[in-house]
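Okay, thanks everyone for coming. I'd like to walk you through one structure today, so have a look at the screen first.

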Amino acid sequence: MKKKNYSIPSCDGKTALHVICRIPDSEPKAVIQIIHGMVEYIERYEDFAKFLTDQGYVVFGHDHLGHGQSVTSIENWGYVADSRPADALIRDIHRVRSAAQSLYPDLPYYMLGHSMGSYLLRRYLSLKAEGLKGAIIVGTGQENDVTTTAGLSMISAMAKAKGWHHRSLKIRDMTYTAPYKIYDLNGIDKSNSWICSDPEIMEKYYSDPRCTFTFTLNGYEALLTTVRYVNQKRNINKIPKDLPILLVSGELDPVGNLGKGVKYVYNKYVEAGIKDIECHLFPDMRHEILNEPAHSEVYSFIQDWINRTLVYNYEKS
């Protein structure tokens with residue numbers, strides 16, 4: 001396996017996106033672009049990316065604006081863009097895809113998004129899904145429009161008083177809705193974390209400053225704008241009906257309302273006429289199913305789904 005680092009100019013005109021590409025030693029079968037979640041960075045997916053590369057896939061991923069190494073300074077962790085931050089995240093995802101496809105123009109192209117990345121991927125699918133061979137939506141959920149609109153109004157009002165760089169613990173804590181309350185939210189009891197059930201993973205997570213900063217109001221505006229966008233029927237209807245989609249989450253994931261939110265998304269996609277869609281909830285797993293002790297089961301499940309769609313796409317062509 002070869003690992004390469006790239007810098008791609010962000011759409012914000014001032015930031016260099018940190019991009020990692022992993023290339024298998026064998027002839028590659030497809031390209032998979034990983035879209036990471038909120039308050040983390042792409043190298044947290046190293047083990048999963050290595051697994052995929054060992055199976056013959058080229059794996060691309062980048063740090064979002066305001067995350068990891070895609071910042072002009074660490075003071076900008078959690079701040080996305082001055083204008084339309086949610087759109088900026090989507091445009092940068094597409095920039096990475098365009099760069100990857102310029103290097104591997106003949107390979108089938110897949111996208112996988114986790115957590116905030118799953119919402120961004122769902123938004124992306126309604127805008128720029130043409131040419132994709134499949135989408136894997138990991139650790140997603142659903143919030144009603146009343147909640148997200150109220151949250152956005154509060155964020156806007158607070159930003160007028162304190163600025164978009166302000167970091168609000170009140171806004172942060174409001175995102176921890178009822179399903180989170182059965183878990184530790186502060187990293188004290190690492191065996192009972194809402195993120196995953198592996199205490200060693202959680203020890204690394206809570207000792208990493210790249211995972212423990214507080215989002216700015218600008219970052220939360222990008223997140224909630226996207227959560228509201230993907231909930232609209234008109235936007236769901238823009239997703240290509242023949243695009244293979246896999247929804248996977250932990251059955252105990254509070255982001256997905258302990259499975260209920262994931263099933264809601266699945267049913268809305270089915271109602272929209274999406275033909276090739278599968279939903280699977282892993283029992284006893286929490287939010288980061290790629291980091292759970294039984295993650296090898298998740299890895300294999302995703303790999304098998306990709307292989308099936310590759311055969312399907314080959315037969316269709």
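Let's start with a cysteine: is Cys21 buried or exposed? Cys21 is buried, because its relative accessibility is 0%; buried means under 20% relative accessible area, exposed over 50%, and partly exposed in between, with a 1.4 Å probe and protein chains only.

Quick housekeeping. This is a predicted model, so local features need pLDDT of at least 70 and side-chain atom pairs count only at pLDDT 80 or more, while totals for chains, interfaces and linings use all residues. Residues are numbered from 1 along each chain as its sequence is written, and side-chain values use heavy atoms, with hydrogens and water left out.

Back to the cysteines. How many disulfides does a search of the whole structure find? Zero, where a disulfide is a pair of cysteine sulfur atoms within 2.5 Å. Take Cys196: the closest cysteine sulfur, in Cys211, is 11 Å from its own sulfur, so that's too far for a bond. Cys196 is also buried, at 0% relative accessible area.

Now the sheet. It's an open one with eight strands, in the order β1-β2-β4-β3-β5-β6-β7-β8, and the pairing is mixed. Two strands pair if DSSP finds at least two bridges between them; helices (H or I, at least four residues) and strands (E, at least two) are DSSP runs, numbered from the N terminus. At the edges you have β1 (2-9) and β8 (277-282), each with a single partner strand, so one side of each has no neighbour in the sheet. On average, neighbouring strands are turned by 20° against each other, direction ignored. Axes here are lines fitted to C-alpha atoms, for helices over the stretch in contact, and angles run from 0 to 180 degrees between N-to-C directions.

Over at β1, the pairing with β2 (residues 16-23) is antiparallel and covers eight bridges. Our Cys21 shows up here again, as the bridge partner of Lys4.

What about helices? α3 (residues 116-128) packs on the sheet and touches β3 (30-35), β5, β6 (134-138) and β7 (245-250), contact meaning heavy atoms within 4.5 Å. The direction of α3 makes about 135° with that of β5. Then α9 (residues 260-271) lies across β6, β7 and β8, running at about 170° to β8.

On to the rings. There are 12 aromatic pairs: rings of Phe, Tyr and Trp (its six-membered ring) pair if their centres lie within 6.5 Å, and planes under 30 degrees apart count as stacked, over 60 as edge-to-face and the rest as tilted. Phe60 and Tyr104 are edge-to-face, 6.4 Å centre to centre with 70° between the planes. Phe60 is in strand β4 (residues 57-62) and Tyr104 in the loop between α2 (85-103) and β5 (109-114), so the pair ties together parts 44 residues apart in sequence. Both Phe60 and Tyr104 are buried, and together with Tyr6 they form one aromatic cluster.

Tyr205 and Tyr206 are edge-to-face too, because their planes are at 80°, with centres 5.1 Å apart. Tyr205 is buried at 11%, whereas Tyr206 is partly exposed at 23%.

Last bit: charges over rings, meaning NZ of Lys or CZ of Arg within 6 Å of the ring centre and within 35 degrees of the ring normal. Arg97 lies over the face of Tyr109, 5.7 Å from the ring centre, and Arg123 has its charged end over the ring of Tyr229, 4.3 Å from the centre.
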